[in-house]
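Welcome, and please open your viewer so that we can walk through this model together. Keep the selection tool at hand, as each stop begins with something to pick.

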Amino acid sequence: AGFIAGLLTAFYGPFLYYTGMLVGETLGIFLTCLSFLFLLLFQKKIKYTNLFIAGILIGLSMLARGNMLIVLPFIVIWLIMITKKESIIKLGISIAILLLGVIISVSPILIRNYVNEKDIVPITALGGLNIYIGNSYGADGKYHTVPKVGNSAETMIKDSIRVAEEEVGRKLKPSEVSNFWLHETIKSINEHGVGYLFPLLFKKIVLFWNSYELPDIWDYYFIQRYIPILNLPFINFSILSALACVGIYFSWPRRKELSLLFTIVLGYMVSLIAVFIISRYRAQVVPFLSVPAGYAIATLFVDIKKIGTKKAVYGLAIGLAFLIFCNLPVERVSFETSYNSLGVLMKREGRFDEAISLYNKALEIAPAYPSPYYNLGILYREMGRLDEAASYFRKALEVAPDFYQAKEKLAELG
């Protein structure tokens, strides 16, 4: 079952894609899986060294992917449940050792943030903005740009700070910027009522389990056009999830042993539902779904006598039902952002004609998308074609009047 689980994980298409991009999730998944191993060793035999190492690894995983901060309380609850027969003192020691490991890992970042900003920032200052993106009125469960805020990591941070400071009227610390966007979320809920949050919650659950790989800036399906190997019939999320359901059903008598697995999956799901769903963030749960999925395959093809035909049929029925749920139709994202991002890369390499073509393709799909107009303005300015540059900056402002960078660049041109 373990070997099959490894194969399922290795042949999950988006893993190949994200590994090539060298994103934080690649390291984060490794660290989380390693922490999972040490937590299992602690569950098998109470040894505080294993718990301390797990805490160190969880903290390092947080640095790679901030939503692990939301998963941590679930792990603490799991720790309480498996040690509840121990004395209160031993329980307290267990929690303290785990959290000590976490603190040791993240403390260099906390110290750095305090030294540079004179502010205590837990891992990232984008938490409030991410909550706003995922939960303000009009949110649809997916990542989307915020008015006046860019969509690259660098511009998102700068613009979110600028917008917050303009609204408040003073310079803000990073934690205050995050709190500003959190308050904007609460303000949105107060203005429109909590009613819209319930269908939004259901939609996020559907998106989390859906076979569709939701993009942020880069789109897995767009990249398939340029990397032929990604078009091979790899394992997709819906098949993996359906098999995991079958495996959970087959292994339910051993649910206490597998409680950490369920805890991690639930924690990751909640951590994304709290903000928005994108494929890159969701990829972290894949190794943990592969374990019961591998067990399901091994049981059905090697050890079916152990569970009996009746239970096998019930398990397959559950898996089929969940497979249908995972393939409910959802709105797909068009490729304008991907064309625009690829255009930026072509420009950096000096391939201006290709960049122009890609920006125009993005505009053919979404004429009201301001970034390609702005990027065309930047490109033409570098080419010395200042009149055309100014024209594109104006077009960017026509579709997005609050586009701060386009205003700046246009003013520079006079």
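**Stop 1: helix H6 and its buried face**

This is a predicted model, and our tour starts inside one of its helices. Select residues 88-117, which form helix H6. Now colour its buried residues: Leu 91, Ser 94, Ile 95, Ile 97, Leu 98, Gly 101, Val 102, Ser 105, Val 106 and Asn 113. What covers these buried residues of H6? Show helix H3 (24-44), H4 and helix H5 (68-82), which are included in the cover.

It helps to keep a general point about helices in mind while you look along this one. An α-helix has 3.6 residues a turn, so residues three or four places apart point the same way.

Next, pick Ile 89, also in helix H6. Is Ile 89 buried or exposed? Its relative accessible area is 63%, so Ile 89 counts as exposed, the cut-off for that being over 50%. For a sense of distance, draw a line from Ile 89 to Arg 65: these residues are 24 apart along the chain, and their C-alpha atoms are separated by 32 Å.

**Stop 2: the kink**

Stay on H6 and centre the view on Val 106. Here the helix has a kink of about 45°, and the proline Pro 108 comes shortly after the kink. Val 106 is also one of the buried residues of H6. Then step past the end of the helix to Lys 118, which follows H6 and has a positive phi, near 55°.

**Stop 3: H4 against H6**

Add residues 48-64, helix H4, to your selection. Two packed helices are described by the angle between their axes and the distance between the axes. For H4 and H6, the angle is about 35° and the axes are 7 Å apart. The crossing of H4 past H6 is right-handed.

Which residues make this contact? Show the side chains in two colours:

- From H4: Tyr 48, Leu 51, Phe 52, Ala 54, Gly 55, Ile 56, Ile 58, Gly 59, Leu 60, Met 62 and Leu 63.
- From H6: Lys 90, Ile 93, Ser 94, Ile 97, Leu 98, Leu 100, Gly 101, Val 102, Ile 104, Ser 105, Val 106 and Ile 109.

Sorted by character, the residues of this contact are 17 nonpolar, 5 polar and 1 charged. The kink residue, Val 106, takes part in the contact.

**Stop 4: two more residues of H4**

Select Asn 50 in helix H4. Asn 50 has a relative accessible area of 12%, so it counts as buried, for which the cut-off is under 20%. Leaving out residues up to four places away in sequence, Asn 50 touches Phe 38, Leu 41 and Phe 42.

Now move to Ala 64, again in helix H4. Apart from neighbours within four places in sequence, Ala 64 is in contact with Gly 24 and Gly 28. Draw a line from Ala 64 to Ile 80 as well: 16 residues separate them in sequence, and their C-alpha atoms are 26 Å apart.

**Stop 5: Ser 241 and Ala 293**

Travel along the chain to helix H12 (residues 237-250) and pick Ser 241. Its relative accessibility is 1%, and Ser 241 counts as buried. Show Trp 209, Leu 289, Phe 322 and Cys 326, which Ser 241 touches when residues up to four places away are set aside. Gly 319 is 78 residues from Ser 241 in sequence, but 8.3 Å away in space, C-alpha to C-alpha.

Then select Ala 293 in helix H15 (residues 286-301). Ala 293 is buried as well, at 0% relative accessibility. Beyond its neighbours within four places in sequence, Ala 293 is in contact with Leu 8, Leu 240, Leu 243 and Ala 244. Its C-alpha atom lies 7.8 Å from that of Ala 242, which is 51 residues away along the chain.

**Stop 6: zoom out**

Finally, show the whole chain. How many helices and strands does the chain have? There are 22 helices and 0 strands. The radius of gyration is 24 Å, close to the 22 Å given by the globule rule for 414 residues, so the chain is as compact as a globular protein of that length. Along the principal axes, the C-alpha atoms fill a box of roughly 75 × 50 × 45 Å. Of the 414 residues, 49% count as buried. Among contacts with a separation of 6 or more, 71% come from residues 24 or more positions apart.

Conventions
Residues numbered from 1 in each chain as written. Predicted model: local features only at pLDDT ≥ 70, side-chain atom pairs only at ≥ 80, totals over all residues. Heavy atoms only, no water. Axes fitted to C-alpha atoms, helices over the stretch in contact; angles between N-to-C directions. Helix = DSSP H or I, 4+ residues; strand = E, 2+ residues; numbered from the N terminus. Left-handed = near helix turned anticlockwise from the far one by under 90°. Contact = heavy atoms within 4.5 Å. Nonpolar A, V, L, I, M, F, W, Y, C, P; charged D, E, K, R; others polar. Bend = angle between axes of the 7 residues up to and from the residue. Buried < 20%, exposed > 50% of the residue type's maximum accessible area, 1.4 Å probe, protein only. Rg over C-alpha atoms; globule rule 2.2 N^0.38 Å.
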